[in-house]
Amino acid sequence: MAKAPKNAISPTRAEDYPEWYQQVIKASDLAENSPVRGCMVIKPWGYQLWENMQRALDDMFKATGHQNAYFPLFIPMSFLEKEAEHVEGFAKECAVVTHHRLEPDPDGGLRPAGELEEPLIVRPTSETIIGATYAKWVQSYRDLPILINQWANVVRWEMRTRMFLRTAEFLWQEGHTVHATREEAVEETERMIQVYADFAENWMAMPVTIGAKTAGERFPGAVETLSIEAMMQDRKALQAGTSHFLGQNFSKAQEIVFQSESGSREYAWTTSWGVSTRLVGALLMTHSDDDGLVLPPKLAPTQVVILPIYKGEQRAAVMEYIGQLTEQLRGQTYNGAPIRVEVDDRDVRGGEKKWHHVKRGVPIRLEVGPKDIEKDSVFMGRRDQPKSVGMSRAEVVGKIADLLGEVQQNLFDRAAQLRSDNTVTITSEADFRDYFTPKNPDSPEIHGGFAMCHFSDEDSLQDLLKELKVTIRCVPSDNNDTPGICFATGKPAEKQAIFAKAY
């Protein structure tokens, strides 16, 4: 009987997916829990990954005419109260500052003192504070459009947290724009969700579906919310980015009024859109395996790692050869930039060193020892494939960009195949229940996926969805709008949506 393969991560995805996720973060050195409940420390490898995401997205934002600015972390409570639906949506998640200093208490500790006249909310999102600023900036149609993004941190007081996916504090970008007409604002909303989809698919190698949220899943205060939805390897959906058409709701609350070309006074039309460090969790769950993190080359902090193999006096020759190889590789470009090469010459055993980089998801490993030098070759391993192969130095240098491109495409293709294999059309409640019910409720196995279903009335589904822990992810933008029959009520239905269990 053949032995089961030994994996670097325990438990495996099939054994315990949530714990596997935590162990991959630990093994790849992405982040760790902080002393503050619900918050995380993003470690250098994880932060470099976020920086690469940030850099690519920032370029895409600027290419579409946006500029960066920064707005306050603290928001007066009265600002949130002006937009009733918005504050209701975020009230339970708000962290509130009520005092402005500390003083010694009789027991030798500290206590809050100096109560604020008005409590300050620690930024959960910035529509209200930015809207108040825009109200001062906008006087005439000549002041429009305003196209601004900010990179910032956000606090939402989550009760159940999971690193990168849902933490009390996280990093993100939030775009906030103001327009003279409804049409311009709608166009902006659609443009930015396309930017997110482009980034997800072409940089993260993560296939996504663009669609509109239903009324029950919409951003608080928005007229329409568009999202990109991705399937993780446990077949759950993850909302990876959102773009909101806010209509005139926030401009009326914040008095963003301008004089039109005809001389009339009109409320502006606004949008907001954002993605966060949740994308790091999305990347992990889309591509990683039972040996650790797997990174798409376009975003990997290190794209190629070279591992010297030598004993004693062999070091000088091996390192001289690697120096030449490194210079040649860094002279090549991939995705419009020099290839990011790391040489790991730590005093660590070869096997341990190799697994260190496997677990961190480096796309390509090159091992070089005395025998390789004799052949003017290297031993090449791809993170997306199990076997390593020998290659001549000239071949690896000449093909390195193509190899990285193959890894990037292979990761996308595998994720697209997983989604295709686990997307079904369901037309009856019985089939819906069967699809989303685990065979072992005490220890649920990986089950379900994306169910494409016609539905007639969102409210009538709430009890069923709550029972099965399923949500309506979105109404896909490429839906052909062919009428059908609601899978739950049997009534005629105009819309078909993606239903899934989700993060």
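Me: Buried means under 20% relative accessible area, exposed means over 50%, and partly exposed lies in between, with a 1.4 Å probe and protein chains only. Which residues of H2 are called buried?

Reply: This is a predicted model, in which local features need pLDDT of at least 70 and side-chain atom pairs count only at pLDDT 80 or more, while totals for chains, interfaces and linings use all residues. Residues are numbered from 1 along each chain as its sequence is written, and side-chain values use heavy atoms, with hydrogens and water left out. The buried residues of H2 are Trp-45, Gly-46, Leu-49, Trp-50, Asn-52, Met-53, Ala-56, Leu-57, Asp-58, Met-60 and Phe-61.

Me: What makes H2 a helix with a definite start and end, and how does its span compare with the expected one?

Reply: Helices (H or I, at least four residues) and strands (E, at least two) are DSSP runs, numbered from the N terminus. H2 is the run of residues 44-63. The expected span is 1.5 Å times one less than the number of residues. With 20 residues, H2 reaches 28 Å from its first C-alpha to its last, close to the 28 Å expected. Just after H2, Gly-65 has a positive phi of about 90°.

Me: Why is the packing of H2 and H8 described as it is?

Reply: Two packed helices are described by the angle between their axes and the distance between the axes. Axes are lines fitted to C-alpha atoms, for helices over the stretch in contact, and angles run from 0 to 180 degrees between N-to-C directions. H2 and H8 (residues 278-287) pack at about 110°, with axes 10 Å apart. Angles under 35 degrees count as roughly parallel, over 145 as roughly antiparallel, 65 to 115 as roughly perpendicular and the rest as oblique. H2 and H8 are therefore roughly perpendicular to each other.

Me: Which residues make this contact, and how many of them are nonpolar, polar or charged?

Reply: Contact means heavy atoms within 4.5 Å. From H2, Leu-49, Met-53 and Leu-57 meet Leu-279, Val-280 and Leu-283 of H8. Ala, Val, Leu, Ile, Met, Phe, Trp, Tyr, Cys and Pro count as nonpolar, Asp, Glu, Lys and Arg as charged, and the others, Gly among them, as polar. The contact has six nonpolar residues, no polar and no charged ones.

Me: Is His-66 called buried, partly exposed or exposed, and why?

Reply: His-66 sits in the loop between H2 and strand S3 (67-68). Its relative accessibility is 4%, so His-66 counts as buried. Beyond its neighbours within four places in sequence, His-66 is in contact with residues including Phe-61, Leu-147, Thr-177 and Trp-273. His-66 and Leu-147 are 81 residues apart in sequence, yet 4.9 Å apart in space, C-alpha to C-alpha.

Me: What makes Glu-255 and Asn-335 stand out in their backbone?

Reply: Phi of Glu-255 is near 60°, a positive value in a residue other than glycine. Asn-335 likewise is not a glycine and has a positive phi of about 60°. Glu-255 lies in the loop between helix H7 (249-254) and strand S12 (257-259), and its relative accessible area of 44% makes it partly exposed. Asn-335 lies between strands S16 (333-334) and S17 (337-338) and is partly exposed at 36%.

Me: Why are S18 and S21 called edge strands?

Reply: Two strands pair if DSSP finds at least two bridges between them. Five strands form an open sheet in the order S18-S15-S19-S20-S21, with mixed pairing. S18 (341-343) and S21 (388-392) each have a single partner strand, so one side of each is left without a neighbour in the sheet. Neighbouring strands are turned by 25° against each other on average, direction ignored.

Me: How do you know that S15 and S19 pair?

Reply: Five bridges join S15 (residues 304-308) to S19 (residues 364-368), and the two run parallel. Pro-308 stands opposite Val-368 in S19. Helix H9 (residues 315-330) packs on this sheet, touching S15, S18, S19 and S20 (377-382), and its direction makes about 170° with that of S15.
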